[in-house]
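Please open the model in the viewer and keep a selection panel at hand. The tour below proceeds from one pocket to another, with a selection at each stop.

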Amino acid sequence: MSRGLLIVVSAPSGCGKGTILEQVRKRHEFYYSVSATTRAPREGEKDGVSYHFMTKEGFEKLVSDNGVLEYASYCDNYYGTPRGPVEEMLAAGKDVVLEIEVKGAMQVKEKCPEAVLIFILPPSVDTLRHRLNKRKTETEEVIEKRVAEAAGEIAQSVNYDYVVVNDDLDEAVENFLTVIKAEKMTVKRSHALIDKISEKGDNKL
Ligand code: 5GP
């Protein structure tokens, strides 16, 4: 069985990556990695579903036990990807999505060179500010901090494999799915298929 695809998705907050992934999931099955974080839950967020909410001490223990694939500090909180479930799912042939920020994404790129890195861009920084204001989940001060962080993050999209602009949602979803589809057809991921076909001896390569 071929290993699942490790898909790393980053986007400044307010880019609508949650909505894109929701739509993508309706058309392509994947395991969504639930991160660990020291940030406080927002209204409606459930422990173990949105995040594994942890204390700083608990998080540091997880890191020192080699329990995370990557981790980073973002806006004064720790965020990290629990290693075990990701490795299990990939080995079972399931595609895995990590929704993480850029510092963590660069760690994954280094550790797992086969990972596919997708950066979701807003049509403009101003659209982003507008979307964050509309969401009303953060104070104005936090929003401005996130907008400043976003500008820095966007500059780092050059280190990713693909960019998807979220202007029109349907188009963004379609483009995201196209990336997955194309990645699955790369020769480096098709050796098992090529072997299978050539064993039949029908020379249809
Ligand atoms: P939020 O607080 O808005 O849920 O997330 C803030 C940022 O942390 C987002 O960019 C999100 O993608 C990122 N993030 C969430 N989980 C992880 C993780 O496990 N590792 C890293 N490096 N970043 C994460």
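In this predicted model, begin with the largest pocket, which holds about 1,200 Å³ of space. Select Lys17, Gly18, Tyr32, Arg42 and Glu99: of the 40 residues that line this pocket, these five are the closest to its centre.

Next, colour the elements that give two or more residues to the lining of the largest pocket: α1 (17-27), β5 (68-74), β6 (77-82), α5 (125-135) and α6 (140-155). Pause at α1, whose six residues make up the largest share of the lining.

Now colour the model by domain, with domain 1 as 1-30 + 95-205 and domain 2 as 34-94. Each of the two domains supplies at least three residues to the lining of the largest pocket.

Before leaving this site, switch to colouring by residue class. How many residues of each class are in the lining of the largest pocket? There are 16 charged, 13 nonpolar and eleven polar residues.

Move on to the second largest pocket, where the space amounts to about 310 Å³. Here, select Ser2, Arg3, Lys184, Arg189 and Ser190, the closest to the pocket centre among the 13 residues that line it.

Then select helix α8, residues 191-200. Which share of the lining of the second largest pocket comes from this helix? Helix α8 provides the largest share, three residues.

With the class colouring still on, inspect the lining of the second largest pocket once more: five of its residues are polar, five are charged and three are nonpolar.

Key: Residues are numbered from 1 along each chain as its sequence is written. This is a predicted model: local features need pLDDT of at least 70, side-chain atom pairs count only at pLDDT 80 or more; totals for chains, interfaces and linings use all residues. Side-chain values use heavy atoms; hydrogens and water are left out. On a 1 Å grid over the protein atoms alone, a cavity is a set of points where a 1.4 Å probe fits but cannot get out, and a pocket is an open set with protein on both sides within 12 Å along at least five of seven lines; lining residues have an atom within 4 Å of a point. Grid points are joined across faces, edges and corners, and a volume is the space filled by probe spheres set on the points. Helices (H or I, at least four residues) and strands (E, at least two) are DSSP runs, numbered from the N terminus. Ala, Val, Leu, Ile, Met, Phe, Trp, Tyr, Cys and Pro count as nonpolar, Asp, Glu, Lys and Arg as charged, and the others, Gly among them, as polar. Domain bounds come from an automatic or database domain assignment.
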